[in-house]
Amino acid sequence: MAARPSSWSILTDPLIRQNPVTLQILGLCSALAVTTSVATALTMSAALTAVLVLSAALISMIRNHIPGSIRLIVQIVIVASLVIVIDQILQAYLFEISQRLSVFVSLITTNCLVLGRTESFSRHNPPGRAMLDALGNGLGYSLALVVIGSIRELFGAGSWLDWQVFQTVDNGGWFTPLSLMLLAPSGFFLLGGLVWALRSVLPEQAEDPELLPPDRPEDIA
Amino acid sequence: MADLNPLTAWRRLLALPNESRTKTLVMAFLVSVICALAVSGATVILRPIQAANRAAEQQARLEALVAGIPGMSELLASAGGTLTTVVIDLKRGRAAEEVTPATLAAALQDSGNWTALTPAQDLAGLGQRPDFAQVYLLRGEGDALSLVLLPVSGAGYNGPIDAIVALRADMNTIAGLAITGQSETPGLGGRVEEPAWLAQFPGTQVADASGTVRFAVARGPAGSEYEVDGITGATRTSNAMTQIMRFWLGPDGYGPFLSAVRRGEF
């Protein structure tokens with residue numbers, strides 16, 4: 001990037017073109033863990049976006065004074081403190097939701113996405129742009145989560161945002177829920193499928209293979 | 001070092017190169033102090049609200065449990081609509097004389113009021129068991145005990161599971177179960193909270209004629225009057241529920257208390 005990208009592209013690039021989950025492959029653990037239903041995916045997205053924006057702002061503000069030798073630990077301490085504070089606020093004012101998210105809120109600390117953005121962007125940009133970038137990435141993460149969450153909830157429970165789309169057999173309908181959709185492996189399958197679909201539509205996202213197979217296998221021997 | 005004006009000292013510090021050792025140490029110290037203040041501040045300020053939330057939720061679940069048991073609303077109305085709370089001494093199976101619900105929390109701070117469990121006894125993965133527990137009694141007509149509510153807890157797959165078991169007057173028929181706290185995997189083990197699963201508990205038997213606790217969460221559909229259906233994809237959580245129920249309704253849990261109730265001591 002030779003020229004400084006415009007604010008608009010900083011905000012919108014991470015939505016699809018530079019999506020943190022499908023292109024940067026960051027923050028996958030939580031993306032797999034909380035996507036069993038759309039509601040938890042949305043709450044988790046909101047919490048992560050909040051942490052991302054706040055940590056980007058804080059780190060960007062002190063970016064010129066972070067000593068290089070301890071920069072990672074300074075960033076992670078700030079992120080971890082923010083996560084604890086947000087977790088406490090959720091437990092105090094949004095108790096129901098915090099019960100449903102259980103441990104995953106505290107695990108935002110270890111979400112590679114947060115550290116990835118502070119390390120690669122906030123450390124070199126003024127607070128306004130850093131927050132914009134963080135917001136864009138948060139929204140990109142949310143988009144990926146909601147897509148996977150929708151598929152999993154729709155086929156795993158026959159509902160979307162707790163609204164029954166397919167009548168399940170238990171309730172006298174025709175739809176047999178796919179329990180696999182509620183298990184972690186289906187998150188992997190769907191995410192893989194999503195990455196594949198996106199890279200077929202946008203071929204520039206595909207990476208060059210790091211190792212080329214030999215043209216003729218007998219050459220190895 | 002002669003200049004002691006904090007403002008100039010601060011400016012000098014900021015002007016230091018980022019690689020300097022002094023600046024590294026001071027920055028590390030400042031970041032830790034500020035973060036520590038933010039974290040402890042949030043915890044301390046918000047703790048009363050969180051405690052109130054938890055207490056309200058416990059109360060709501062208790063009420064939902066009682067209300068969900070068939071015929072219980074009428075019983076509650078005739079009993080004056082309230083439950084009596086009793087602290088019992090688990091070892092002796094009697095009401096505790098010196099501990100009241102108000103002083104229970106303080107009593108449990110004292111490690112002398114806990115009993116260590118041997119691995120063979122420790123079905124629920126607790127490590128140690130309090131000697132006192134708060135139970136709720138519901139009396140019907142003629143002051144006869146119609147229902148007891150027993151708080152139970154134990155190790156689940158991701159963390160502790162807390163629940164309240166309601167037993168009918170024979171102390172052998174489950175009248176209902178309410179999960180009051182769990183951190184199992186959402187969508188899998190977390191389904192222990194679902195009303196559809198909990199609805200199987202009413203009517204399930206606890207122990208056979210010889211007094212051995214037979215209750216179990218089955219692998220798959222329930223096969224006997226002592227079993228409820230297992231949860232698909234959550235074998236560890238299902239097993240944990242079996243062990244928690246077996247421990248607390250067995251001789252090392254509420255066993256002595258349940259015998260005392262059967263003897264008519266309550």
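**Entry 1. Confidence**

In chain B, where is confidence lowest and where is it highest? I started here since the model is predicted. The low end is helix 3 of chain B, residues 72–78, with a mean of 58. The high end is helix 6 of chain B, at 92. For chain B as a whole I noted a mean pLDDT of 84, with 91% of its residues at 70 or more. For the complex, the predictor reports an ipTM of 0.74 and a pTM of 0.65.

**Entry 2. The sheet of chain B**

I then traced the strands of chain B. Six of them make an open sheet in the order 2-1-5-6-7-8, paired in the antiparallel sense. Strand 2 (94–95) and strand 8 of chain B are at the edges; each has a single partner strand, so one side of each has no neighbour in the sheet.

I went through the pairs one at a time. Strand 1 of chain B, residues 84–89, pairs with strand 2 of chain B over two bridges, antiparallel. Ile88(B) has Ala95(B), in strand 2 of chain B, as its bridge partner.

Strand 6 and strand 7 of chain B are joined by nine bridges, again in the antiparallel sense. These two strands form a hairpin, and four residues lie between them. Within this pair, Leu150(B) stands opposite Val165(B) of strand 7.

Strand 7 and strand 8 of chain B pair over six antiparallel bridges. Ala163(B) has its bridge partner, Ile179(B), in strand 8 of chain B.

**Entry 3. The turn at Met171(B)**

Which residue in the turn between strand 7 and strand 8 of chain B has a positive phi? The residue is Met171(B), at about 60 degrees, in a hairpin with five residues between its strands. I marked the value because most residues other than glycine have a negative phi. Met171(B) is a residue other than glycine, and its phi is positive. I also checked its surroundings: Met171(B) has 19 other C-beta atoms within 10 Å, so it is classed as partly exposed. The cut-off for buried is 20 or more.

**Entry 4. The cores**

Next I looked at what packs inside. The largest nonpolar core has 51 residues, and among those with the most contacts inside it are Leu150(B), Ala163(B), Val165(B) and Trp248(B). Several elements of chain B supply at least two residues each, including strand 5 (132–139), strand 6 (145–155), strand 7 (160–168), helix 6 (235–249) and helix 7 (255–262). Which element of chain B gives the largest share of this core? Helix 6 of chain B does, with seven residues.

I followed up on Leu150(B). Leaving aside neighbours within four places in sequence, Leu150(B) is in contact with Val135(B), Ile164(B), Val165(B), Leu167(B), Trp248(B) and Tyr254(B). Apart from this core there is another, of 47 residues, and I listed Leu11(A), Leu82(A), Ile86(A) and Val105(A) among its members.

I also checked how helix 6 of chain B is placed. Helix 6 lies across strand 6 and strand 7 of chain B, at about 125 degrees to strand 6.

**Entry 5. Chain A**

I turned to chain A, which has eight helices and two strands. Along the sequence the pattern reads α-α-α-α-α-α-α-β-β-α. Of the 221 residues in chain A, 39% are buried. Among contacts in chain A with a separation of 6 or more, 72% join residues 24 or more positions apart.

One residue I looked up was Arg152(A), in helix 7 (residues 127–157) of chain A. Is Arg152(A) buried or exposed? I found 25 other C-beta atoms within 10 Å, so Arg152(A) is buried. Leaving aside neighbours within four places in sequence, its contacts are Thr35(A), Thr36(A), Met181(A), Leu182(A), Ser186(A) and Leu190(A). For one of these, Met181(A), I looked up the C-alpha distance to Arg152(A): 5.2 Å, for two residues 29 apart along the chain.

**Entry 6. Where the chains meet**

Last, I checked the interface. In it, 26 residues of chain A are in contact with 26 residues of chain B. On the chain A side, helix 4 (71–93) and helix 5 (95–101) each supply at least two residues. Helix 4 of chain A has the largest share, ten residues. By class, I recorded 14 nonpolar, eleven polar and one charged residues on that side of chain A.

Technical notes
Residues numbered from 1 in each chain as written. Chains lettered and ligands numbered in written order. Predicted model: local features only at pLDDT ≥ 70, side-chain atom pairs only at ≥ 80, totals over all residues. Core = buried A, V, L, I, M, F, W, Y, C linked by C-beta atoms within 7 Å. Buried ≥ 20, exposed ≤ 12 C-beta atoms within 10 Å, placed from the backbone. Contact = placed C-beta atoms within 7 Å. Nonpolar A, V, L, I, M, F, W, Y, C, P; charged D, E, K, R; others polar. pLDDT = per-residue confidence, 0-100. Pairing = 2+ DSSP bridges. Axes fitted to C-alpha atoms, helices over the stretch in contact; angles between N-to-C directions.
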